[in-house]
Amino acid sequence: MDYFQDQVAVITGGASGIGKGLAEKCLQEGMKVILADIEGEALQVTVDAFRTNYNNPIVGHITDVSVSSSLEALRDRALTEFGAIHLLFNNAGVGGAGGAWTGTEKDWDWVIGVNLMSVVHGQRLFLPVMLEQNTPGHIVNTASVAGLIGGVTNAPYSVTKHGVVALTEHLHRDLLLAGSKLGCSVLCPGIINTNIGSSARNRPQHLINEDNPAPTDAQLAMRAQFDAVMAKGMLPGQVANIVFNGIRDQQLYIQTHEHFNDRIQTRAEDIIQGRNPDPKLYQWLD
Ligand code: NAI
């Protein structure tokens with residue numbers, strides 16, 4: 001896809017961070033935009049701010065991407081408003097919590113629902129419409145560099161992001177085999193300055209652990225370290241420019257930070273050589 005003027009973009013997680021950056025880039029490219037988010041107030045603030053600065057048609061639609069009927073309603077709203085969908089960003093996500101065995105069932109359900117099943121359902125529900133249109137279009141699924149290397153962040157998050165990479169690789173193959181006019185990319189950002197550190201703000205009541213002790217001093221210190229690193233991260237607007245270059249170039253893997261490449265290469269070599277990973281590579285914040 002290399003023509004964006006007057007085309008229609010749907011962006012999940014569009015009220016904040018990377019999604020908001022992508023939405024603004026779509027507006028700059030002259031697109032009609034539907035912003036979907038679970039956080040109603042933030043969504044309204046974002047839509048209002050965009051309407052002040054851009055004349056393009058802009059719609060905000062409250063959506064819970066972990067619920068397939070909610071994504072179905074989003075798709076139908078896009079079609080009712082604009083009659084077509086050309087660019088789909090399956091972007092909404094949460095930071096997650098829990099270790100390989102310390103993550104509770106609710107931790108896993110929350111993160112898998114928002115980070116992985118949202119993309120499964122997004123593809124399942126939007127692709128038939130986009131294929132039927134028979135026009136150029138593109139799907140961008142947001143994974144993470146945590147989907148390309150092992151053992152960083154937390155277990156549920158890593159699992160979902162590896163899943164999004166695998167899912168997009170399948171989508172890429174299937175679109176090629178079908179001779180489709182659609183392209184796809186998996187966005188694998190490094191550290192980006194967003195609100196992901198406060199993802200718990202959107203955790204639904206029924207998926208909050210009953211046993212939810214106050215954080216220990218060690219956990220608070222780690223959190224402060226994480227926030228300091230995130231605050232120095234790349235800006236979402238820069239990510240959006242990289243993504244649009246990737247869409248124009250029909251690039252499957254879109255990365256934002258080259259400095260993770262040595263870890264990606266080491267992981268591949270570990271697998272080929274049957275060598276166990278160096279524990280140092282498990283550290284995210286170094
Ligand atoms: P953010 O917290 O600033 O934005 C995420 C948006 O998703 C928020 O507006 C939030 O309200 C929305 N959201 C959360 N749960 C939702 C649900 N159930 N339904 C609909 N919307 C929901 O965080 P950020 O960083 O912009 O996250 C966007 C994507 O980027 C996520 O998939 C995240 O995993 C990914 N990512 C972020 C990185 C970073 O360093 N910030 C690095 C790698 C990947």
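**Entry 1: helix α7**

I started with the buried residues of α7, and my list reads P236, V239, A240, V243, F244, G246 and I247. I then asked where they sit around the axis: they cover an arc of only 155°, which puts them on the same side of α7. My textbook note helps here: an α-helix has 3.6 residues a turn, so residues three or four places apart point the same way. A reminder to myself: this is a predicted model.

Next I looked up what that buried set packs against. I found α1 (17-28) and four strands' worth of entries to write down: β4 (87-90), β5 (137-142), β6 (182-188) and β7 (253-255).

I also checked the length of α7. The helix runs over residues 236-248, which is 13 residues. From its first C-alpha to its last I got 18 Å, close to the 18 Å expected at 1.5 Å a residue. After α7 comes Q250, and its phi is positive, near 55°.

**Entry 2: the ligand**

Which residues come nearest to the ligand? Out of 31 residues around it, I noted S16, D37, Y157, T194 and N202. Helices take part too: α1 and α5 (155-177) each supply at least two residues of the shell. I had already met α1 as a packing partner of α7's buried residues.

Then I went through some polar atoms. For D37, a polar side-chain atom lies 2.6 Å from a ligand oxygen. With N91 the atom is a backbone N or O, 2.8 Å from an oxygen of the ligand. For K161, I found a side-chain N or O atom 3.0 Å from a ligand oxygen. Last, the cover: on its own the ligand has 830 Å² of accessible area, and the protein covers 98% of that.

Note on methods. Residues are numbered from 1 along each chain as its sequence is written. This is a predicted model: local features need pLDDT of at least 70, side-chain atom pairs count only at pLDDT 80 or more; totals for chains, interfaces and linings use all residues. Side-chain values use heavy atoms; hydrogens and water are left out. The expected span of a helix is 1.5 Å times one less than its number of residues. Buried means under 20% relative accessible area, exposed over 50%, partly exposed in between (1.4 Å probe, protein chains only). The arc is that of the directions from the helix axis to the C-beta atoms. Contact means heavy atoms within 4.5 Å. A residue is near a molecule or strand if one of its heavy atoms lies within 4 Å of it. A polar contact is a pair of N or O atoms within 3.5 Å; within protein, one must be able to donate a hydrogen and the other to accept it, and residues adjacent in sequence count only if both atoms are side-chain atoms. Accessible areas come from the Shrake-Rupley method with a 1.4 Å probe; for residues, only the protein chains shown count as cover.
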